[in-house]
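Dear colleague,

I am handing over a structure to you, and below it I set out what was found. Please keep it open beside this message as you read.

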Amino acid sequence: TGYYQDALPAGYTAVEYIESTGGQYIDTGVAAKTGVKVEARALWTTENQDSAFIGARKDSNDTRFLPIQYFNGTLAYGHKEWKPLSEAKVPANSVVDIVSDFTTAGQATIKVGNSEYKITGLGDAFDTGLTMYLGAGNYGGSASWGMQGRIYSCKIYEMQSGTLVLVRDFAPCVNTATGEAG
């Protein structure tokens, strides 16, 4: 937490993680579209959940971009369609490092711990027209699929003019005066 403490505004204290019961989320301000890479450390407190770690879905059609989703003990993703990664088991109460890279049109790479999954055939680049929520999914402007678990870190990169640029580096922290997660 020392690294993050130096980067926080006055009145905030770095903590190891922030915990969500399923009703909390952060609007990242980053577009939910192809050309994004997410690096995260997380823990889900129960396996029996369908929750978005980060992402958005425009409507009930195949209009989703969910780089990291959790479904009953396994990871999943959404690029237009929802797809489980049935081999990517993540038991409840286990801290896991995840890298979800959708920076190349038509394909993606998702790393879970030491395992890597190559995904091909994703089709054209896609933009939901929404921003991604962290700790839930942005479903047409409302939070859905809230995560029950802990967020230890989350970095978001965007492809900009052929260069991968870090655009968000979320640090778990609390407001010193109120104790609320920041």
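In what follows, two residues are said to be in contact when heavy atoms of theirs lie within 4.5 Å. Please bear in mind that this is a predicted model.

With that meaning, and leaving aside neighbours within four places in sequence, leucine 75 is in contact with ten listed residues, among them Trp44, Ile68, Tyr70, Leu85 and Val112. Leucine 75 also belongs to the largest nonpolar core, which has 36 residues, and it is named there with Trp44, Phe53, Ile54 and Ile68 as having the most contacts inside that core. Strand E4, which covers residues 36-44, gives the most to this core, with 5 residues. In soluble globular proteins, nonpolar side chains tend to be buried together.

A charged residue comes next. Glutamate 158 sits in strand E14 (residues 148-160), and although it is buried, it has no salt bridge. The nearest side chain of opposite charge belongs to lysine 33 and is 5.0 Å away, whereas a salt bridge would need the nitrogen and the carboxyl oxygen to be within 4 Å. The side chain of glutamate 158 does, however, make a polar contact with the side chain of glutamine 160, at 3.1 Å.

Finally, there are two backbone angles to look at. Asparagine 93, in the loop between strands E7 and E8, has a positive phi of about 65° although it is not a glycine, and this residue is exposed. Tryptophan 145, in the loop between strands E13 and E14, has a phi near 55°, again positive in a residue other than glycine, and tryptophan 145 is partly exposed, with a relative accessible area of 23%.

With best wishes

Terms used. Residues are numbered from 1 along each chain as its sequence is written. This is a predicted model: local features need pLDDT of at least 70, side-chain atom pairs count only at pLDDT 80 or more; totals for chains, interfaces and linings use all residues. Side-chain values use heavy atoms; hydrogens and water are left out. Helices (H or I, at least four residues) and strands (E, at least two) are DSSP runs, numbered from the N terminus. Buried means under 20% relative accessible area, exposed over 50%, partly exposed in between (1.4 Å probe, protein chains only). Lys and Arg count as positive and Asp and Glu as negative; His and the chain ends are not counted. A polar contact is a pair of N or O atoms within 3.5 Å; within protein, one must be able to donate a hydrogen and the other to accept it, and residues adjacent in sequence count only if both atoms are side-chain atoms. A nonpolar core is a set of buried Ala, Val, Leu, Ile, Met, Phe, Trp, Tyr and Cys residues joined through side-chain atoms within 4.5 Å.
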